[in-house]
Amino acid sequence: MCRFAESGKKLLMRKIIKYIFLVSATAVFLLCLHACANMASPTGGAYDVDPPRLMRANPPNNALNVNRSVIEIEFDENIKIEKPMEKVIITPPQLNMPVIKSVGRKAVVELNDELHPNTTYTIDFTDAIVDNNEGNPLENFSLSFSTGDQLDTLAVSGKVLSAENLEPAQGIYVGIHSNPEDTAFTRTPFERISRTDSRGSFTVRGLAPGKYRIYALDDRNRDYMYDNPQEAIAFLDSIIIPSSMPAVRQDTIFRDSVTIDTIKTVEYTRFIPDDILLRSFESGFQRKYFQKHERPSREKLIIYFAAPTEEPVLELLKPDYQSDDWYLMERSLHNDTISLWISDSLISRQDTLIMKMTYLRTDTLNRDLVESDTLSFNFREPRQTRRERDEDTPEEIRFLGINHNVRSSHEIYSPIRLEFEQPVTAFDSSKVSLTHEVDSVFSPVSFTLTADTLNPRKYTLRHKWEPGERYQLSIDSASVYSTYGLWNNKLEQSFTVKPLDQYGNLRFNISGLPVGKTAYVELLDKSDKPFRKVRVNNNEALIFDINPGAIYARLFIDENEDGEWTTGDFEENRQPEMVYYFPRPYEIRAYTDHEESWNITELPLDKQKPLEITQNKPEERRRRNLNEERENQQQQQRGTSPFSGGAGGLGGVGGAMQRPTTMGR
């Protein structure tokens with residue numbers, strides 16, 4: 001009996017333990033289920049914001065007497081190499097493409113050119129090496145070694161800007177020659193190279209002591225020399241002599257995102273010159289050749305050229321025609337597009353026209369040669385279904401189409417421009433009337449009407465508009481006849497010239513101009529396109545009648561006094577004309593005289609162009625403090641912000657500007 005009683009007690013205890021276990025497990029499950037139902041932002045550990053760390057390299061950095069062409073660099077974590085063909089710069093430049101790849105924790109570079117003796121090699125990764133997970137870049141990382149017993153360690157640095165608009169020249173090669181002759185740039189590859197980043201910055205490393213010429217080259221065929229006049233280039237007039245000097249800088253260590261822990265003074269070696277500025281330009285050379293031709297209608301032939309050229313010589317072969325009075329020519333400013341309007345109906349009715357064209361073509365040696373081609377212009381009437389028309393129904397009159405720029409509100413500085421559908425052969429200007437409303441009565445006013453010298457369809461009507469006044473343009477019917485017998489319908493258009501209180505005026509007081517040089521100021525829109533231009537007189541630029549809004553401005557020194565910005569020429573050793581930007585947008589207010597001082601040399605060129613109109617914006621650093629971002633997000637969720645700021649404005653209202661008696665608008 002005792003044995004059975006003891007067994008019963010043990011069985012009861014097991015059941016009690018099992019019951020307690022089940023209750024506990026159920027409670028844990030319900031607790032977990034409740035936690036999952038209430039979602040919240042994780043509070044995990046800090047993000048990885050550290051770039052890969054170099055562990056070892058073969059050959060080691062600054063190694064001497066190296067004879068291996070495979071370089072292996074190992075880091076403390078898995079890596080990737082981003083855009084190796086763009087970002088990794090190997091110098092001396094390699095004519096055969098190297099192999100650049102990542103293998104786990106290693107960066108591997110295989111050089112396919114034979115190693116030169118007694119030469120310093122530099123592999124500049126810039127910011128191409130990033131860790132595999134967060135993409136944190138290892139910035140400004142490079143490795144050097146020498147095939148001889150001496151390592152060249154000097155470097156020069158600077159920026160390349162587009163000469164015309166001060167845009168950072170991204171991805172352009174910068175190279176040096178120890179040969180001071182200009183022919184070295186055009187006949188031999190660079191000795192050492194670099195490539196600009198998104199800010200236009202470059203550093204040419206591994207230089208030996210000596211004197212050098214420095215150039216920039218947008219190398220299209222990757223031969224590292226200027227052998228194509230269509231490549232953008234830059235050159236420095238002076239010789240550079242690289243050197244080094246001891247220097248110190250202040251490094252700031254932060255305790256957190258806003259609190260400074262310590263400021264350390266760090267000694268380093270400064271390589272100079274480190275402020276070289278190269279202004280890149282294209283020579284203006286364009287390869288001339290015939291592109292295509294077409295016949296969009298029976299009466300019109302169009303010929304396209306690839307670049308500005310001289311007017312071609314045309315000879316009609318079929319049908320045979322001995323004179324050139326069978327067409328009217330319409331051409332673009334530089335003859336790259338030429339339209340022939342056929343004025344002889346016997347010719348236009350031909351389905352096929354064959355014409356001999358003599359023109360200029362640029363050969364492989366960049367010489368312009370006379371070339372002749374035979375062109376065939378074909379036209380077939382398009383098929384179309386028509387409903388038969390009642391013979392008693394009169395045919396609808398088709399008038400000559402007219403386009404114009406007259407709107408109900410007309411700009412005070414704008415002439416009236418007329419463009420007709422077809423070339424004009426007769427225009428009776430006596431049937432054109434421009435009247436001015438005075439005391440509710442329209443009275444005729446004088447004007448000038450001029451034909452365009454390039455386009456027989458365009459005319460310009462000019463008058464000195466009175467601000468805020470009402471005008472009416474009238475062209476009687478049948479006062480304009482086209483080559484094909486069409487005439488115009490009556491045109492009447494009333495408009496009001498915008499009053500002065502809808503415009504602002506701006507005076508720039510300019511300093512820093514070179515003595516005795518002509519200069520122009522251009523106003524720019526938000527896309528960096530000029531829309532007004534005035535000449536600088538007595539260090540002042542006066543611009544009247546500007547529409548309200550944000551504007552930008554640039555100035556160019558007109559060395560050859562042709563009124564336009566002129567590019568450079570390497571063969572003539574001529575730099576492009578200097579360009580300066582007003583360093584911030586300017587807000588024009590209606591009915592306000594604005595006055596602003598502008599010292600064109602106060603800021604260096606690379607700091608002048610406003611970021612808002614910079615097209616080649618620098619890439620943002622990919623290495624971000626994610627811990628700071630998370631902290632800001634948490635503060636925003638709590639309804640607070642770690643930052644606050646204000647807004648500033650631009651102004652400067654001066655005295656009333658004296659409007660000249662005669663203004664060119």
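A residue counts as buried when its relative accessible area is under 20%, as exposed when that area is over 50%, and as partly exposed in between. Keep that scale in mind as we walk through this structure, which is a predicted model.

Let us begin with Glu311. With a relative accessibility of 43%, this residue lies between the two cut-offs, so Glu311 counts as partly exposed. You will find Glu311 in the loop that connects β20 (300-305) with β21 (313-318). Which residues does Glu311 touch, once its neighbours within four places in sequence are set aside? They are Met329, Arg331 and Asn335. Take Arg331 as an example: 20 residues separate Glu311 and Arg331 in sequence, and their C-alpha atoms are 8.9 Å apart in space.

Now step back to the whole chain. It is built with five helices and 44 strands. Of its 665 residues, 39% are buried. Among the contacts in the chain with a separation of 6 or more, 67% are between residues 24 or more positions apart. As for the outside, the chain exposes about 38,600 Å², and carbon and sulfur atoms supply 48% of that area.

With so many strands to choose from, let us follow one of them, β2, which spans residues 70-75. In a regular strand the side chains alternate between the two faces of the sheet. Strand β2 has a covered face made up of Ile71, Ile73 and Phe75. Its uncovered face holds Val70, Glu72 and Glu74.

Which strands pair with β2? One is β1 (residues 54-58), which runs antiparallel to β2 and is joined to it by four bridges. Here Asn58 stands opposite Glu72 of β2. Another is β6 (residues 106-110), also antiparallel to β2, with five bridges between the two. In this pairing, Val70 has Glu110 of β6 as its bridge partner. Both Glu72 and Val70 belong to the uncovered face of β2.

Finally, look at the surface again, this time at a nonpolar patch. Ile397, Phe399, Tyr481 and Trp487 together make a patch of about 360 Å². One of these residues, Phe399, sits in the loop between β25 (368-378) and β26 (402-404). Is Phe399 buried, partly exposed or exposed? Its relative accessible area is 32%, so Phe399 is partly exposed, just as Glu311 is at 43%.

Methods. Residues are numbered from 1 along each chain as its sequence is written. This is a predicted model: local features need pLDDT of at least 70, side-chain atom pairs count only at pLDDT 80 or more; totals for chains, interfaces and linings use all residues. Side-chain values use heavy atoms; hydrogens and water are left out. Buried means under 20% relative accessible area, exposed over 50%, partly exposed in between (1.4 Å probe, protein chains only). Two strands pair if DSSP finds at least two bridges between them. Contact means heavy atoms within 4.5 Å. Accessible areas come from the Shrake-Rupley method with a 1.4 Å probe; for residues, only the protein chains shown count as cover. Patches are made of residues with over 30% relative accessible area and no salt bridge: like charges are joined within 9 Å, nonpolar side chains (Val, Leu, Ile, Met, Phe, Trp, Tyr) within 5 Å. A salt bridge is a side-chain nitrogen of Lys or Arg within 4 Å of a carboxyl oxygen of Asp or Glu.
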